[in-house]
Amino acid sequence: MDNEEVITLTIGGAQIRPIITLPSSSTILQLKRMIMERIGVQVERQHLLYYKILLEDNNIINHYIHEATAEVCLSVDLFMDERIINITVSNENFNLQLAVNKADKVIDLKNRIGDVFAFPAMGIDLWLMDRKMENYEILSKYYLNEDSVVKMTRGGLQLGFYERTCPGAEATVSKVTYRFISRAPTLAAPLLRMHFHDCFIRGCDGSVLLNSTKNNPAEKDGQPNLSLRGYHVIDAVKLELEKKCPGVVSCADILALVARDAVGQIYGPFWEVPTGRRDGRVSISADTLNGNLPAPFANISSLKQNFASKGLSVKDLVVLSGGHTIGTSHCSSFDSRLHNFTGKGDTDPSLDPNYVVHLKKICKPKDTTTIVEMDPGSFKTFDEDYYTLVAKRRGLFESDAALLNDNETRDYVKLQSATHGSTFAKDFAQSMVKMGKIGVLTGKAGEIRKHCAFVI
Ligand code: HEM
């Protein structure tokens, strides 16, 4: 049946059983309004069910019903604001009986459950049948009754995870980050890179922050991470948060939030960071060199494969590479492009020859200490220049140049460079949220460290 057709509905459940005919593309809300006109029951008090499925106001009728005639059941909330009912909240380990007011919001119920289990309400998902209950809906919307069993699961990441367990946690992160970045804006780049390196090895679990121990060299001491800096910013944030709410906010979340705030402070885009990550206990230096982190000399197929293995798309690859609009690189990260590309003392033909001349003045062969700005002139500002550079064959790494060797990534580079990064900020924000979800530990997994460099 297509959207143009009409449907005839018998409204069962009420004393009068009106029959209503309307286009099947009408919304449930429109249907409820018609019911109100016919039998006088306010829209807010109507619950419509079709084969036990609660029909949602914003959906259209033929989202649920594909027949030309059907009967939907109307249940009327007579005392919507006052009714207290007993419901059962359960998961595989327990059954909890709770008296709830139907006028309460779902988040109120979550808070009460969270109080019982000493767990942040925002980390709880509640389900009625297969339907996820939304935080700011009132309970009566879910047609709960005395027999209702609400299933509880421990959710993944959530916006505002620490809202109740550590109010103001995110503001504290921002405040401390601001203090550091305003004095040293160049720290924003390594902090962003630190979050990326954390996520690409064992997921965003703060493993990059752990110190090596006597028998275990940690990620921190892996070669690609030797150029990371800014650990003291994370430590300072953690110290402040431990004073406020000990043992609550994970180092992995702190890193994700600091990276966001630091980028924002140097005029980059803002994104909401869902939180609730827990800290991993494992960090192994060798993981930095076994294909988890993309190498600067990677070609496009290896980059695509690497990102795909982390659940990221080709678009995420080209968008996140835009992180190279800030920061610096050691000459050693692109040495062979200047001095010995194929082992014959030659240069990389995919690098603009004029740029080669310029870079060679700064980077002598085998130089391991000098650094160069990746986006010369604006390496401290998060802008869209990266794509103009790459389009002009002035990306510093082979991995940057490689973005011109695939239709999708090339089109993106060209588009952003031609339109002053028309969609880059929005895209970057989206891809960062996605990257921040790689392999996260939630619920009871991992731990909340007291100090980000040590497991507890
Ligand atoms: C696509 C594959 C990538 C490769 C091969 C790569 C490689 C590198 C290399 C070799 C450096 C220079 C390190 C040094 O010599 O000091 C660097 C720096 C940097 N990378 Fe990437 N990167 C990639 C993706 C990313 C992503 C996804 C981000 C963040 C979203 C990022 C952010 C940065 C930043 C901000 C710096 C500058 C760090 C500083 O100033 O200390 N990179 N990258």
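Helices and strands here are DSSP runs, helices of at least four residues and strands of at least two, numbered from the N terminus. With that in hand, let's work through this predicted model together.

**Exercise 1. Place T325 and D383 among the helices and strands, and decide how buried each is.**

Solution.
- Step 1: T325 sits in the loop between α9 (314–320) and β11, while D383 belongs to the loop between β12 (371–373) and α12 (385–391).
- Step 2: A residue is buried if 20 or more other C-beta atoms lie within 10 Å of its own, exposed if 12 or fewer, and partly exposed in between.
- Step 3: T325 has 25 other C-beta atoms within 10 Å, so T325 is buried. D383 has 19 C-beta neighbours inside 10 Å and therefore counts as partly exposed.
- Step 4: Leaving out residues up to four places away in sequence, T325 touches D375, F382, D383, E384, D385 and Y386. With its neighbours within four places set aside, D383 is in contact with T325 and S378.

**Exercise 2. Find out whether the positions T325, D375 and D383 are gathered or scattered in space.**

Solution.
- Step 1: An unreviewed UniProt entry gives T325, D375 and D383 the feature "binding site".
- Step 2: These positions span 59 residues in sequence, yet no two of their C-alpha atoms are more than 9.4 Å apart, so they gather at one spot.
- Step 3: The contact list of T325 fits in here, since D375 and D383 are both among its partners.

**Exercise 3. Describe the surroundings of P294, another annotated position.**

Solution.
- Step 1: The UniProt annotation "binding site", again from an unreviewed entry, covers P294.
- Step 2: P294 lies in the loop between α7 and α8 (300–309).
- Step 3: With 22 other C-beta atoms within 10 Å, P294 is buried.
- Step 4: Its contacts, not counting residues up to four places away in sequence, are L303, N306 and S399.

**Exercise 4. Characterise the shell around the ligand and locate the ligand relative to the domains.**

Solution.
- Step 1: The ligand is surrounded by 23 residues, and the closest are A189, S227, G323, G327 and H330.
- Step 2: Two elements, α5 (188–200) and β11 (328–330), give two or more residues to this shell. The largest share, 5 residues, comes from α5.
- Step 3: By residue type, the shell divides into 12 nonpolar, 10 polar and 1 charged.
- Step 4: Domain 3 (169–287) and domain 4 (300–435) both contribute residues to the shell, so the ligand lies between them.

**Exercise 5. Check the length of helix α4 and work out what packs over it.**

Solution.
- Step 1: Helix α4 runs over residues 169–183, which makes 15 residues.
- Step 2: The expected span is 1.5 Å times one less than the number of residues.
- Step 3: That gives 21 Å for α4, and its end C-alpha atoms are 22 Å apart, which agrees.
- Step 4: The buried residues of α4 are A169, E170, T172, V173, V176, T177, F180 and I181. What covers them includes α5, α6 (231–244) and α7 (251–265).

**Exercise 6. Examine S329 in strand β11.**

Solution.
- Step 1: S329 is found in strand β11, and with 20 other C-beta atoms within 10 Å it is buried.
- Step 2: Beyond its neighbours within four places in sequence, S329 is in contact with F334, I371, V372, M374 and L396.
- Step 3: For a longer view, take S422: S329 and S422 are 93 residues apart in sequence, and their C-alpha atoms are 26 Å apart in space.

**Exercise 7. Compare two arginines that have a positive phi.**

Solution.
- Step 1: Most residues other than glycine have a negative phi.
- Step 2: R202 has a positive phi near 60°, and R393 has a positive phi of about 60°.
- Step 3: R202 lies in the loop between α5 and α6, whereas R393 is in the loop between α12 and α13 (398–401).
- Step 4: R202 is buried, with 21 other C-beta atoms within 10 Å, but R393, with 17 C-beta neighbours inside 10 Å, counts as partly exposed.

**Exercise 8. Finish with an overview of the whole protein.**

Solution.
- Step 1: The protein has 15 helices and 12 strands, and of its 456 residues 38% count as buried.
- Step 2: It is divided into domain 1 (6–76), domain 2 (84–154), domain 3 (169–287) and domain 4 (300–435). The C-alpha centres of domain 2 and domain 3 lie 34 Å apart.
- Step 3: Along the principal axes, the C-alpha atoms fill a box of roughly 90 × 55 × 35 Å.

Definitions and conventions. Residues are numbered from 1 along each chain as its sequence is written. This is a predicted model: local features need pLDDT of at least 70, side-chain atom pairs count only at pLDDT 80 or more; totals for chains, interfaces and linings use all residues. A residue is near a molecule or strand if its C-beta atom, placed from the backbone, lies within 6 Å of it. Ala, Val, Leu, Ile, Met, Phe, Trp, Tyr, Cys and Pro count as nonpolar, Asp, Glu, Lys and Arg as charged, and the others, Gly among them, as polar. Domain bounds come from an automatic or database domain assignment. Two residues are in contact if their C-beta atoms, placed from the backbone, lie within 7 Å. UniProt positions are given in the numbering used here, feature names are shortened, and annotations may be inferred rather than shown by experiment.
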